[in-house]
Amino acid sequence: VQLQASGGGLVQDGGFLRLSCAASGGTFSRYTMGWFRQGPGKERVFVSAIGRTGGTTSYADSVKGRFTISRDNAKNTVYPEMNSLKPEDTAAYYCAADTHLSSGALYRGVREQYDYWGQGTQVTVSS
């Protein structure tokens, strides 16, 4: 499974960005998809996740109410939309796939339960 993230960039405080992650080489509709982020000098942490059909989503408390994750299984792509961005959202954002449908990956964002990762896309929010 190959994952290609895109859509990062520089945005002002309060702005909006829509990232995307395109998957290839596997059966996308069978996977839980997640997003993580890693700020400078920080650990990679969970942001959001979405189940196979898109009917179940989960979010870190820090982004709840501001970020929305969705997926298009016909296009093998997952999209986090990020509203009301804050400087503390500045990070490299990574998409990941859990091909074993672990409950921890979807409901608790357990990083170790994701087995495929894309490269990061940088999001910078200026104050």
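In this predicted model, Asp 89 is a good place to start: with a relative accessibility of 1%, Asp 89 counts as buried. Its salt-bridge partner Arg 66 also falls in the buried class, at 10% relative accessibility. Both values sit below the cut-off, since buried means under 20% relative accessible area. The closest N and O atoms of Arg 66 and Asp 89 are 2.8 Å apart. Arg 66 comes from the loop between strand 7 (57–59) and strand 8 (67–72), while Asp 89 comes from the loop between strand 9 and strand 10 (91–98), so this salt bridge ties together parts that are 23 residues apart in sequence.

Moving on to the rest of the charged pairs, the model has five salt bridges in total. One of them pairs Glu 81 with Arg 18, and here the closest N and O atoms are 3.4 Å apart. Glu 81 belongs to strand 9 (residues 77–82) and Arg 18 to strand 3 (residues 17–18), so the contact holds together parts of the chain that are 63 residues apart in sequence. Neither end is buried: Glu 81 is partly exposed, with a relative accessible area of 28%, and Arg 18 is partly exposed too, at 43%.

Arg 111 and Glu 112 make another salt bridge, with 3.9 Å between the closest N and O atoms. That just makes the cut, because a salt bridge calls for a side-chain nitrogen of Lys or Arg within 4 Å of a carboxyl oxygen of Asp or Glu. Arg 111 is partly exposed, its relative accessible area being 31%, whereas Glu 112 counts as exposed at 62% relative accessibility. Back at Asp 89, there is a bit more going on, as Arg 37, Arg 66 and Asp 89 are joined into one network by salt bridges that share partners.

Then there is the covalent side of things. The model holds one disulfide, which joins Cys 21 to Cys 95 with an S to S distance of 2.1 Å. The link is right-handed, with 55° about the S-S bond. Cys 21 sits in strand 4 (residues 20–24) and Cys 95 in strand 10, so the disulfide connects distant parts of the chain, 74 residues apart. Both cysteines, Cys 21 and Cys 95, are buried.

Conventions. Residues are numbered from 1 along each chain as its sequence is written. This is a predicted model: local features need pLDDT of at least 70, side-chain atom pairs count only at pLDDT 80 or more; totals for chains, interfaces and linings use all residues. Side-chain values use heavy atoms; hydrogens and water are left out. Helices (H or I, at least four residues) and strands (E, at least two) are DSSP runs, numbered from the N terminus. Buried means under 20% relative accessible area, exposed over 50%, partly exposed in between (1.4 Å probe, protein chains only). A disulfide is a pair of cysteine sulfur atoms within 2.5 Å.
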